[in-house]
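This report describes one protein chain and pays particular attention to its aromatic rings. Please look at the sequence and the model below before reading on.

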Amino acid sequence: MQLPRIVENSPFARVARAKLGATNVAMVLGNSIHLSGVSREQFLLDPFWVAHEMEHIRQFQQYGRLGFLVRYLRDWLRHGYYNIPFEVEARNAAELNAHLYAQGRPLPGPAERHPSPKVK
């Protein structure tokens, strides 16, 4: 499966990481995955995380850049980060689609997976 462009040490992801208070962040802007605090290789080792970000790319494609960003920010204010409908959809997609990104390896258990921030 073809992966999108992955940007390591992204200043955009660095800002998101600070806002979330997370040690590492992957975030989608358009058709690119931006990373901060994690390398491309580390990110790709977690197929659940990759599937989560790929769902955000699908959402970006469905709603467009402005449509996605407006909905995302509006829903963050309404529901808090963890309950943003786009985040809920991405967590569900990760569970359903992780096997597509496992590269023949067994799926990691809960302890090996990237935790989803529960920031309000």
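## Aromatic pairs

Rings of Phe, Tyr and Trp (its six-membered ring) count as a pair if their centres lie within 6.5 Å; planes under 30 degrees apart count as stacked, over 60 as edge-to-face and the rest as tilted. By this rule the count comes to seven aromatic pairs. The model in which they were counted is predicted.

In one pair, the ring centres of Phe68 and Phe86 lie 4.7 Å apart and the planes meet at 15°, so this pair is stacked. Phe68 belongs to helix H3 (residues 47-79) and Phe86 to helix H4 (residues 85-97); with their positions 18 residues apart, the pair links distant parts of the chain. Are these two residues buried or exposed? Both Phe68 and Phe86 are buried.

The rings of Tyr72 and Trp76 have a different description: their centres are 6.2 Å apart and their planes stand at 80°, so the pair is edge-to-face. Tyr72 and Trp76 are separated by about one helical turn, because they are four residues apart in helix H3. Both Tyr72 and Trp76 are buried.

## The aromatic cluster

Which residues form one aromatic cluster? The members are Phe60, Tyr63, Phe68, Tyr72, Trp76, Tyr81 and Phe86. The stacked pair of Phe68 and Phe86 and the edge-to-face pair of Tyr72 and Trp76 are therefore described above as parts of this cluster.

## Elements and overall form

The chain contains four helices and three strands. Read from the N terminus, the order of its elements is β-α-β-β-α-α-α.

For 120 residues, a compact globule would have a radius of gyration near 14 Å; the chain has 13 Å, which agrees. The C-alpha trace spans about 40 × 30 × 25 Å along the principal axes of the chain. Of the contacts with a separation of 6 or more, 62% are between residues 24 or more positions apart.

## Burial, surface and charge

Of the 120 residues of the chain, 46% count as buried. Among them are Phe68 and Phe86, as well as Tyr72 and Trp76. The accessible surface of the chain comes to about 7,000 Å², and carbon and sulfur atoms hold 56% of this area.

The chain carries 15 positive and 10 negative charges. How far apart are the mean positions of the positive and negative charges? The mean positions are 7 Å apart.

Notes
Residues numbered from 1 in each chain as written. Predicted model: local features only at pLDDT ≥ 70, side-chain atom pairs only at ≥ 80, totals over all residues. Heavy atoms only, no water. Helix = DSSP H or I, 4+ residues; strand = E, 2+ residues; numbered from the N terminus. Rg over C-alpha atoms; globule rule 2.2 N^0.38 Å. Buried < 20%, exposed > 50% of the residue type's maximum accessible area, 1.4 Å probe, protein only. Contact = heavy atoms within 4.5 Å. Areas by Shrake-Rupley, 256 points an atom, 1.4 Å probe, with all protein chains shown as cover. Lys, Arg positive; Asp, Glu negative; His and termini not counted. Charge placed at Lys NZ, Arg CZ, Asp CG, Glu CD.
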